[in-house]
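Here is a short briefing on unusual backbone geometry. Please look over the sequence and structure before reading on.

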Amino acid sequence: MTTKTFAFGLVLLAGCMKANPNFLSPDGNNGSNGSNGSNGSDGGMGSGCIASSCTGMTPVCESNGSCGPCASDADCSGATPTCLPSGACAGDADLAYVTATGSDVNACTIEAPCATVTHAMTVKSTVVLTGMANDDGLAITQGTDATILGRGSAVIAADSGNVLTLSSGNFELYDTQLYCKAGGISGINSSTSGTLTLQDDSIGVCPTGIKMTGGALVAKRIEVYSNSGGGILLTSTAFDIVNGLIHDNGTAGTGVGASQFGGVSITSSPSATDTIQFTTVANNHAGTGAVGGIACTGQDPLKALTFSDNIVAGNDQFGTVETSGTNCAYTYTDFYPAAAEIAGSGNGSGDPMFVSTTDFHITTNSAAKDAAAPNASLDIDFYGNPRPVGAGYDMGADEFQ
């Protein structure tokens, strides 16, 4: 997926995120593509399996002779041409398809797609969206689990209200861009007691990026950017944010237009295991008395949290305030600029040396390079590149290649 900056409904490429057409690459599901195997004498791909023997969660006959998960739609064919995050292949029997040129009088099949996600959700609980949906925002209220799989620069936008409203059940969103038009309120507004799973999504150009009260957030490789009132606002919400890029959110100042937080605001998480890890929180802003980077409020000392392997840089409260709050600690994190290194094992205050103010790849002399926890186990970065490269893991969203 490629970073998108939106203005007045126009999509402008800004170049931060990764190209990702029809490619899910879930964490932990990055096996070899079966199409790279050599043909065996049995007609299969490789010497240990044949294509017809590979089914279910392992539908691909891989080059090493074993059956494995699909990694992209190209690994699936026939009646099941879509790769699911689980690694299985699926088609019309399990999915509803939506395109900008579809029609809601259609059956929502891949050959006859629907026009809106709202209608498609009444047909199947898992929807494949290609291009820009015709919905003006989307409300998930049915109380059952639902999933959207983005394809071909999938976009959901709202002229007014929230782009995505989630009030019940569990919801998963993959490879999709959310943005507000002139009258939008939030990219995501969730009050569900269930789990919201985001992967390879971008949420931008809203008054608030993500606002959650209750439930849980699982976010991998998401970008939250240019939301004028702040990036991610979590109240009584458990969370797991890994490989995130949270930048240019919030508004500095002393007046009514100044935001109450910048990058991330956490209030009273119910969990003691929540994490923000390998995430870059940069160039966010807030008004007087607020925090530009990560704000932690009301955290129970019995549920103290530790965030690790991040870059928190260039966030302001009219100066250099990057974080605040008790019972939220940091390890192996680069704070810049900072009056002093924030206490915690492995923390530093060196320049992360981003490529530019709009490109958050780190460069060869970055203070974040090879400076993350030596016992980290994450094998991929925000851009889909491998970790680690070089002498150790790099802090933040990007692993220098």
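The notes below cover cis peptide bonds and positive phi angles.

This is a predicted model. Most residues other than glycine have a negative phi, and most peptide bonds are trans. The sites listed here depart from that pattern: among them are the cis bond from Tyr336 to Pro337 and the positive phi of Ser153.

**Cis peptide bonds**

- The bond joining Tyr336 to Pro337 is cis, and its omega is near -10°.
- Pro337 sits in the segment after strand E30, a strand that covers 334-336.
- A cis bond also runs from Arg387 to Pro388, with omega near -15°.
- Pro388 is likewise placed in the segment after E30.

**Positive phi at Ser153**

- Ser153 is not a glycine, yet its phi is positive, at about 55°.
- This serine belongs to strand E10, which spans residues 146-161.
- How does Ser153 count in terms of exposure? Its relative accessibility is 47%, so Ser153 counts as partly exposed. The exposed class begins over 50%.

**Positive phi at Val205**

- Val205 is not a glycine either, and its phi is positive, at about 60°.
- Where is Val205 placed? Val205 is in the loop between strand E15 (202-204) and strand E16 (208-213).
- Val205 has 23% relative accessibility, so it counts as partly exposed. Buried would mean under 20%.

Methods
Residues are numbered from 1 along each chain as its sequence is written. This is a predicted model: local features need pLDDT of at least 70, side-chain atom pairs count only at pLDDT 80 or more; totals for chains, interfaces and linings use all residues. Side-chain values use heavy atoms; hydrogens and water are left out. Helices (H or I, at least four residues) and strands (E, at least two) are DSSP runs, numbered from the N terminus. Buried means under 20% relative accessible area, exposed over 50%, partly exposed in between (1.4 Å probe, protein chains only).
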